[in-house]
Amino acid sequence: MMIKEATRFQLSAIGLACMALLAGCGGGGGGSGGSGGAVQTIAFDFPGGAVVGVPPTVATTKLVATASSGGPVTFTSNTPTVCTVSGDTVSLLVAGECSVTATQSGYQGYAAASHSQIFVIPKRPQMVVFRNPGWQALDAQPVTLAAATNTGQPVVFTTSTPAVCSVSGTSLSKLANGLCVVTATQEGSDIFAKATTVKNIPIGTEQAAAVPFLTGYKDTSQTKELGTVSPYSGSSVDGWYCGSNWCGSSVSSDGASFTYFYNIQPKDPAGIGAYWGIKLFAGTLTDLAANGDTLTGVRIDAQAAVKFNMAMNSEWFSTSNNAVNVDLALGHFAIKEGKACNVTLRAVVKPTAAAATDYSVSLRDKFTINESCGLTGLDLWNELQDYPISKVEFSAAGVNTSVSTPGAAALTFTTKLTLTGAITFQ
């Protein structure tokens, strides 16, 4: 027992001596200190945060470190294939872990000391732009796939549905009815992160998923999705603004149908000019953004048509000018003649009956760019792929000013439209 106690005392004494003579035992400054002098520390600011540059540009970061002795600090790279150091500047060569050591070699009685920092240089993000070629007929005609990255790196196409389609290079072969799932991949590099984009391409009898723009109406001013409903009309008879109770809206009790009418009651029916329409905004929207792209709305991928149910009054239907303009206002914003403008597509629909009828209007075949906002080189399908549909508008190509309502107390020309059910894209 006496031998054990003596040993314990001896170890404790050594520990106390080490604590008293810290400089002789090393440590301090978050790194290492030399012997033969007072201990100093190095405060080394964390240099991380910057991303690697795009060659030939090299990203650099300033290194900041101070020694408690006041002596000069030098920097060295421990990972020269990832980052190099010149003076107090570190150059970020590739993505990865960069290790830099700040050293004070000894100064006015202080022992040498060092402090290392390890930080991650992240890869630069990249984006694969791969537009869906849309529905394809089941035939032997191959489809050419096109995709690009914002970095100019090459893209590779693969499919996860080999029973429906096959891919060789940029050529897609159609094998069976169904959804052909194609992935465009850029594998990344020492500079760029990997990026992928997946598209579902309907082939043959397959259809893309239905995407609703609205499912019904909360009241006469809002859809069930809380998008604003804004009807409008006017004529030369009422100062180009609907008044005198000549216009009005109604919604069915179940919220499925919305009706808007305009009754023109002229004293002299000759030479009447008029306009009429209904603006329907995407969910939660009250209007399009006035100073930039509108981000809210329906996104088109492989959807081929807009579908809706429409009815009109028999008087308007019986006229020779009963067509309805269907406008799709996209989120694509520009300034035109000093005013806010959104790229808009238009199709003209000729009703087949006055009674409620389902219509399906092909996006590619029936719509054209009606408002380009002064922009050139626009492609309709690219616009639909790149920007949301933020507003759908129905307007009269020609307001009824020629067929009056039978039995009305006063001469009345009525233009009335009813929309029933959802407006969808599929």
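Student: How far apart are the centres of domain 1 and domain 2?
Tutor: The separation is 44 Å, taken over C-alpha atoms. This is a predicted model, where local features need pLDDT of at least 70, side-chain atom pairs count only at pLDDT 80 or more, and totals for chains, interfaces and linings use all residues. Residues are numbered from 1 along each chain as its sequence is written, and side-chain values use heavy atoms, with hydrogens and water left out.

Student: Which domains does the chain have?
Tutor: The assignment gives domain 1 (50-121), domain 2 (128-203) and domain 3 (211-425). Such bounds come from an automatic or database domain assignment.

Student: Switching to pockets. What is the volume of the largest pocket?
Tutor: About 350 Å³. A pocket is found on a 1 Å grid over the protein atoms alone, as an open set of points where a 1.4 Å probe fits, with protein on both sides within 12 Å along at least five of seven lines; lining residues have an atom within 4 Å of a point. Grid points are joined across faces, edges and corners, and the volume is the space filled by probe spheres set on the points.

Student: Which residues lie nearest its centre?
Tutor: Ala-340, Cys-341, Asn-342, Thr-344 and Lys-391, out of 17 residues in the lining of the largest pocket.

Student: And which strand gives the most to that lining?
Tutor: β24 does, with five residues. Strands (E, at least two residues) and helices (H or I, at least four) are DSSP runs, numbered from the N terminus.

Student: How many of the lining residues are charged?
Tutor: Eight, along with six nonpolar and three polar. Asp, Glu, Lys and Arg count as charged; Ala, Val, Leu, Ile, Met, Phe, Trp, Tyr, Cys and Pro as nonpolar; and the others, Gly among them, as polar.

Student: Where is the second largest pocket?
Tutor: It lies between domain 2 and domain 3, because both give residues to its lining. The second largest pocket holds about 270 Å³ of space. Of its 19 lining residues, Trp-135, Gln-303, Ala-304, Ala-305 and Ser-362 are the closest to its centre.

Student: What supplies the largest share of that one?
Tutor: α4, with three residues. By class, the lining of the second largest pocket has nine nonpolar, six polar and four charged residues.

Student: You named Cys-341 earlier. What does Cys-341 form with Cys-373?
Tutor: A disulfide, with the sulfur atoms 2.0 Å apart. Cys-341 lies in strand β24 and Cys-373 in the loop between β26 and α5 (380-386), so the pair ties together parts that are 32 residues apart in sequence. A disulfide here is a pair of cysteine sulfur atoms within 2.5 Å.

Student: Is that link right-handed or left-handed?
Tutor: The link of Cys-341 and Cys-373 is left-handed, with -80° about the S-S bond. The link of Cys-83 and Cys-98 is right-handed, with 90°.

Student: Are Cys-165 and Cys-180 buried or exposed?
Tutor: Both are buried, and they form a disulfide too. Buried means under 20% relative accessible area, exposed over 50%, and partly exposed in between (1.4 Å probe, protein chains only).

Student: How many disulfides are there in the whole structure?
Tutor: A search finds four.

Student: Last one. Where is Thr-223?
Tutor: In the loop between β17 (211-214) and β18 (229-235). Thr-223 counts as buried because its relative accessibility is 0%.
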